[in-house]
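Subject: Structure handover

Hi,

Here is the structure we talked about passing on to you. Please open it alongside this email and read the notes with the model in view.

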Amino acid sequence: MLRLVTGGSGSGKSRYAEDQLLSLGQRKRYYIATMIPWDEECRSRIGRHRQMRAGKGFETVECPVDLGRLELEEGSAVLLECLSNLTANEFFREERAGMSREERKAGTREEILAGIRRIADRAGEVTVVTNEIFSDGTAYDPDTTDYLEVLGQLNEALAREAGEVTEVVFGIPVRIKTEDFRGRWER
């Protein structure tokens, strides 16, 4: 099953997503880490997440781009942390610099969705963590606006495909969609 977990920064969404995968019982667990350690803040965040999952049986796979290239064990449980970083890494990568805005957005969307679908077809359980966006009311430069648009479209597409969608608010999981309603949302 594909699950989508969203929430604001510091909402507890990562802890919730980890706990959900742990509740599935014993199976191979992968933690797909997408953050590139650009600066001290990123390195600190990576360190916190490593501590959070220490001793929980996750095999960490660093994959900031090219998600579709991963080879994971069939029937495994996968936590992708997080879609927001993966989207930024793919959207702003050098190889896309010469593309038009529309080509860059479409290419990023297609590559990420294809990678997640490939993983979901192979793994038994996939949980994707993403960030809640567009509630800050801030105006951004065109490149950032394009990135946010792509992330919003990815969030929508995955929410349609997911068996469960949960928003974590102040550490409290709020179930938005359950597998029971999947039939209405088929792609």
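Below is what was found, going from the pocket to the salt bridges, then the backbone and the surface. Please keep in mind that this is a predicted model.

**The pocket**

The largest pocket has a volume of about 730 Å³. It is lined by 32 residues, and those closest to its centre are Ser14, Met35, Arg45, His49 and Glu81. Which elements give two or more residues to this lining? They are α1 (13-22), β2 (29-33), α2, β3 and α3 (83-91). Helix α2 supplies the largest share, with nine residues. In character, the lining of the largest pocket splits into 13 polar, ten nonpolar and nine charged residues.

Glu81 deserves a second look, as the peptide bond that joins Glu81 to Cys82 is cis, with omega at about 0 degrees. Cys82 itself sits in the loop between β4 (77-81) and α3. So when you look at the centre of the pocket, Glu81 is one of the residues closest to that point, and the cis bond links Glu81 to Cys82.

**Salt bridges**

The structure holds 21 salt bridges. As a general matter, side chains of opposite charge can pair when their charged atoms come close. Three of the pairs are described here.

Start with helix α2, which covers residues 40-53. Glu40 and Arg43 form a salt bridge, with 3.5 Å between the closest N and O atoms. The two residues are three apart in this helix, so about one helical turn separates them. Are they buried or exposed? Glu40 counts as exposed because its relative accessibility is 53%, above the 50% cut-off. Arg43, at 42%, counts as partly exposed.

Further along the chain, Arg50 and Glu62 meet through their side chains in a salt bridge of 3.4 Å, N to O. Arg50 belongs to helix α2 and Glu62 to strand β3 (residues 58-62), so this pair ties together parts that are twelve residues apart in sequence. Arg50 is partly exposed, with a relative accessible area of 46%, and Glu62 is also partly exposed, at 41%.

The third pair is Glu90 with Arg93, whose closest N and O atoms are 2.9 Å apart. Glu90 is buried, with a relative accessible area of 1%. Arg93 counts as buried too, because its 17% falls under the 20% cut-off. Which residues are joined into one network with this pair? Salt bridges that share partners connect Asp66, Glu90, Arg93, Glu95, Arg96 and Glu111.

**Backbone at Asp66**

One member of that network, Asp66, also has a backbone feature to check. Its phi is near 60 degrees, a positive value in a residue other than glycine. Asp66 is placed in the loop between β3 and β4, and it is partly exposed, with a relative accessible area of 27%.

**Phe170 and the surface patch**

Phe170 has a positive phi as well, at about 55 degrees, although it is not a glycine. Its place is the loop between β6 (164-169) and β7. Is Phe170 buried or exposed? At 78% relative accessibility, Phe170 counts as exposed.

Phe170 is also part of a nonpolar patch on the surface, together with Ile172 and Val174. The three have about 350 Å² of accessible area together. Ile172 lies in strand β7, which spans residues 172-177.

**Two arginines in helix α4**

Finally, here are two residues you could use to find your way around helix α4. Arg109 is found in this helix, which runs over residues 101-122, and Arg109 counts as partly exposed at 22% relative accessibility. Arg109 is 84 residues from Gly25 in sequence, and their C-alpha atoms are 32 Å apart in space.

Arg104 lies in helix α4 too, but this residue is buried, with a relative accessible area of 13%. Between the C-alpha atoms of Arg104 and Asn155 the separation is 17 Å, and the two residues are 51 apart along the chain.

Happy to talk any of this through once you have had a look.

Best wishes

Terms used. Residues are numbered from 1 along each chain as its sequence is written. This is a predicted model: local features need pLDDT of at least 70, side-chain atom pairs count only at pLDDT 80 or more; totals for chains, interfaces and linings use all residues. Side-chain values use heavy atoms; hydrogens and water are left out. A salt bridge is a side-chain nitrogen of Lys or Arg within 4 Å of a carboxyl oxygen of Asp or Glu. Helices (H or I, at least four residues) and strands (E, at least two) are DSSP runs, numbered from the N terminus. Buried means under 20% relative accessible area, exposed over 50%, partly exposed in between (1.4 Å probe, protein chains only). Patches are made of residues with over 30% relative accessible area and no salt bridge: like charges are joined within 9 Å, nonpolar side chains (Val, Leu, Ile, Met, Phe, Trp, Tyr) within 5 Å. Accessible areas come from the Shrake-Rupley method with a 1.4 Å probe; for residues, only the protein chains shown count as cover. On a 1 Å grid over the protein atoms alone, a cavity is a set of points where a 1.4 Å probe fits but cannot get out, and a pocket is an open set with protein on both sides within 12 Å along at least five of seven lines; lining residues have an atom within 4 Å of a point. Grid points are joined across faces, edges and corners, and a volume is the space filled by probe spheres set on the points. Ala, Val, Leu, Ile, Met, Phe, Trp, Tyr, Cys and Pro count as nonpolar, Asp, Glu, Lys and Arg as charged, and the others, Gly among them, as polar.
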